Structures are given as structure tokens and as C-alpha cells.
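This report describes how a ligand is held in a protein model, and then turns to a few individual residues. Please read it alongside the sequence and the coordinates.

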Amino acid sequence: MEQLPCLLGMTLQQLKEVVAALGLPAFTAKQLAEWIYGKRVSDFEAMTNLSKTARQRLAETWRVGMEAPVDAVRSSDGTVKYLFRAGDSHYIESVYIPEGDRATLCISSQIGCKMNCRFCATGLQGFSGQLSVAEILNQVQCIDQPDSLTNVVFMGMGEPMDNLDNVLQAIEIMTASYGYGWSPKRITVSSVGLIPGIRRFLDSCSCHLAISLHAPNDTVRATLIPAQKAYPAGELLDVLRQYDFSHQRRLSFEYTMFQGVNDTPADARELARNLQGLDCHINLIPFHAVDGTGLRPTPPAEMERFMDLLNRLHFPTTIRRSRGQDIEAACGLLSTKRMELNA
Ligand code: SAH
């Protein structure tokens with residue numbers, strides 16, 4: 001059976017157009033936004049301040065569109081990996097990461113990914129489609145504990161700048177007063193660095209930006225990241241220098257460490273030279289081994305030395321703790337390839 005179109009993912013303006021087309025009073029749009037984004041109610045009948053006529057007309061042509069996860073796997077460290085259905089017969093994953101009094105949700109922006117970075121499991125599964133705004137927001141609204149979330153990071157499957165219209169609309173709804181009403185500082189978008197998208201993102205919202213750099217220079221980066229060819233890191237860093245990251249908005253660089261590839265003291269010094277003039281934080285990530293990549297993780301003691309050196313060179317640097325490794329939820333391990341084959 002054909003499914004009705006869904007309201008989840010619509011801006012207030014779009015909801016106004018829906019209610020106008022149904023001949024309902026304009027204020028119904030605000031009420032709908034409050035039920036869907038504020039209270040996360042998916043049944044029109046439960047929307048008690050809407051008239052009976054409004055509820056009936058809406059239910060004839062629309063659905064809210066929230067979909068519960070099809071699976072949730074819990075790690076020994078409290079991390080939870082959620083599996084959601086997306087598109088016609090695909091799946092995506094989101095990871096809930098509790099830490100003290102904070103809880104971060106790592107969400108996906110695409111089904112698979114086109115970027116094909118050498119070290120990433122998502123890249124190996126290939127690309128199966130874009131996520132709609134509804135499918136992006138559904139990950140935030142339909143986990144078990146949405147009220148506990150303090151942060152959302154676009155660091156799951158996919159490249160956010162390759163689905164930017166939908167990512168920006170999802171961000172609008174998360175930050176608008178009619179939506180979740182969150183400060184943009186609670187949201188971080190991570191990107192491989194597609195320059196036109198990065199510019200548009202920086203010009204159109206004030207969320208934090210994380211760049212997957214992973215190399216001290218363009219030559220090493222080219223061996224790891226195919227997108228480096230079209231958008232060299234050197235050019236990207238020049239673009240980033242045109243923006244202000246010294247106040248509210250944070251810029252960080254992700255740097256996954258591969259033994260003998262990007263992890264020597266000389267690499268740290270070259271990295272620091274190339275980042276001169278940028279107000280930023282560096283996040284070192286342990287490589288979570290993916291079969292067939294020919295890459296090995298840098299030992300923890302060497303990661304510490306690399307971190308200490310960067311800190312001495314005045315770049316605030318931390319090592320990202322791996323979370324949810326036992327359930328394949330850690331950075332770069334998200335892949336629904338097996339499930340896609342069964343679908
Ligand atoms: N497309 C976005 C989001 C990717 S996933 C981006 O490129 O930023 C989030 C981070 O995990 C990225 O920095 C990514 O490069 C890194 N990553 C991917 N595979 C990894 C692996 N196997 N081990 C450690 N980090 C990995």
C-alpha cells in the first residue's frame with residue numbers, strides 16, 4: 001500500500017501551507033509543530049487541542065511519520081546503537097553515547113556514503129541514497145531517551161555536505177523555537193571537507209564544524225581520502241581562515257592515527273605548521289581496524305606523545321575515547337551492508 005506523505009521534517013512555513021490547503025485555520029500549523037517536535041506525538045487523535053475536523057482532514061491525507069527503530073544494541077559501556085529503516089529497503093545506524101551528565105547522539109545523513117575513504121566501513125558499503133529531513137530527525141526523536149540528549153553530532157553514516165539541503169533543514173528545525181528550540185552550539189557537523197558545501201554551511205548556520213583531516217599534508221591525505229583530489233586540504237584551510245572560530249563557534253579537526261602513515265613527531269610538527277592561524281581543537285581518533293584496508297592503528301603510547309607535542313605547539317589536542325567498540329558502533333565502523341544484502 002502507498003504510504004501517505006509525512007509531516008515530520010516540515011518547517012513551520014511548510015506546515016502552514018499544508019493546513020491552508022486543507023482549509024484549516026493558520027494557527028493549526030503551530031499546534032502541529034508543538035505536537036510533532038515538542039511532544040513527539042505521532043497520532044493525530046492524541047492532538048487534543050486540534051478540532052475534530054482538523055484531526056480528520058489531516059489523517060485522510062497525511063501521517064506524522066515517526067518510525068520506531070527496528071533494533072537497539074547495547075554496549076557494555078552504555079553506548080546504544082540504533083538501527084532505523086530508511087528509503088525503500090535500506091537501513092541506517094545512530095549511536096547514543098552517554099557520558100557523565102551529557103549524552104550525545106551520533107546521527108547519519110545518508111544511506112551509505114559516496115566518499116569511499118580508505119579506512120571507513122561505511123565507504124565500503126557504497127551509496128544507496130539520501131536521507132530525507134524526516135529520516136534525519138526521526139533518529140533524534142525516536143530513540144528511547146530523547147529528553148536526555150545534550151548534543152547531536154553528524155558523525156554517523158554519510159557525508160553531510162553531500163546532502164546539505166536536508167541537513168540544513170533538519171538543523172533549522174532543531175534550532176527553531178517552533179522545533180526543538182536548541183542552541184546551535186549543541187550541534188556539530190563533521191565533514192570530509194567538500195569546499196562549496198563547507199562555505200554554505202558556515203554562511204547559513206552557526207553550528208560547530210569538525211573536519212576529517214587525518215593527515216599532516218596534501219600528499220599523505222591523498223592516499224587516504226579520494227575527495228582530497230577535488231578539494232585539497234590546503235585550499236580548504238584557506239577557506240576556513242576566512243571565518244571566525246574564536247568565539248562561540250568551534251572548529252575542530254579529526255585526525256585518525258595510522259601506524260607509519262601519519263603518526264610521527266615530524267608529522268605533528270608539519271600539521272601544526274599547516275594549521276597556523278586557525279583557532280581550533282584537534283581530536284586524535286584511534287583507528288578502528290577495518291578488514292582489507294592495509295592500515296594499522298598507532299599504539300596508544302605513541303598517540304599520547306603525538307598529543308603532547310601538539311599541545312606544546314599550542315594546539316589544544318585530545319584523544320577521543322572509543323565508545324561502543326564491542327557492538328561495532330565506534331567511529332567509522334557503521335555499516336549496514338550485511339542487512340542491505342538481506343533486504
Ligand atoms: N563524512 C563525515 C562523517 C564521517 S564519520 C566525515 O568525513 O567527517 C566520523 C569520523 O570517523 C570521521 O572523522 C571519519 O574519518 C572517522 N573514521 C572513519 N572510519 C574510521 C575508522 N575505521 N577508525 C577511526 N575513525 C574513522
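## Polar contacts of the ligand

A backbone N or O atom of C331 lies 3.4 Å from a nitrogen atom of the ligand, which makes this a polar contact, that is, a pair of N or O atoms within 3.5 Å, where within protein one must be able to donate a hydrogen and the other to accept it, and residues adjacent in sequence count only if both atoms are side-chain atoms. The protein covers 95% of the 540 Å² of accessible area that the ligand has on its own, with areas taken from the Shrake-Rupley method and a 1.4 Å probe, and with only the protein chains shown counting as cover in the case of residues. A polar side-chain atom of E159 is 3.1 Å from a nitrogen atom of the ligand, while an N or O atom in the side chain of H214 is 2.6 Å from a ligand oxygen atom.

The model is a predicted one, in which local features need pLDDT of at least 70 and side-chain atom pairs count only at pLDDT 80 or more, whereas totals for chains, interfaces and linings use all residues. Residues are numbered from 1 along each chain as its sequence is written, and side-chain values use heavy atoms, with hydrogens and water left out.

## The shell around the ligand

Of the 20 residues around the ligand, F119, S190, S212, H214 and H288 come nearest, a residue being near if one of its heavy atoms lies within 4 Å. The shell divides into nine nonpolar, nine polar and two charged residues; Ala, Val, Leu, Ile, Met, Phe, Trp, Tyr, Cys and Pro count as nonpolar, Asp, Glu, Lys and Arg as charged, and the others, Gly among them, as polar. At least two shell residues come from each of the strands β8 (187-191), β10 (251-257) and β11 (281-286), strands being DSSP runs of E with at least two residues and helices runs of H or I with at least four, numbered from the N terminus.

## Two residues with positive phi

Most residues other than glycine have a negative phi. H214, in the loop between β9 (208-212) and α8, has a positive phi of about 65 degrees, and H214 counts as buried because its relative accessibility is 4%, buried meaning under 20%, exposed over 50% and partly exposed in between (1.4 Å probe, protein chains only).

H314, in the loop between α11 (300-312) and β12 (317-319), has a positive phi near 75 degrees, and H314 is exposed, with a relative accessible area of 69%.
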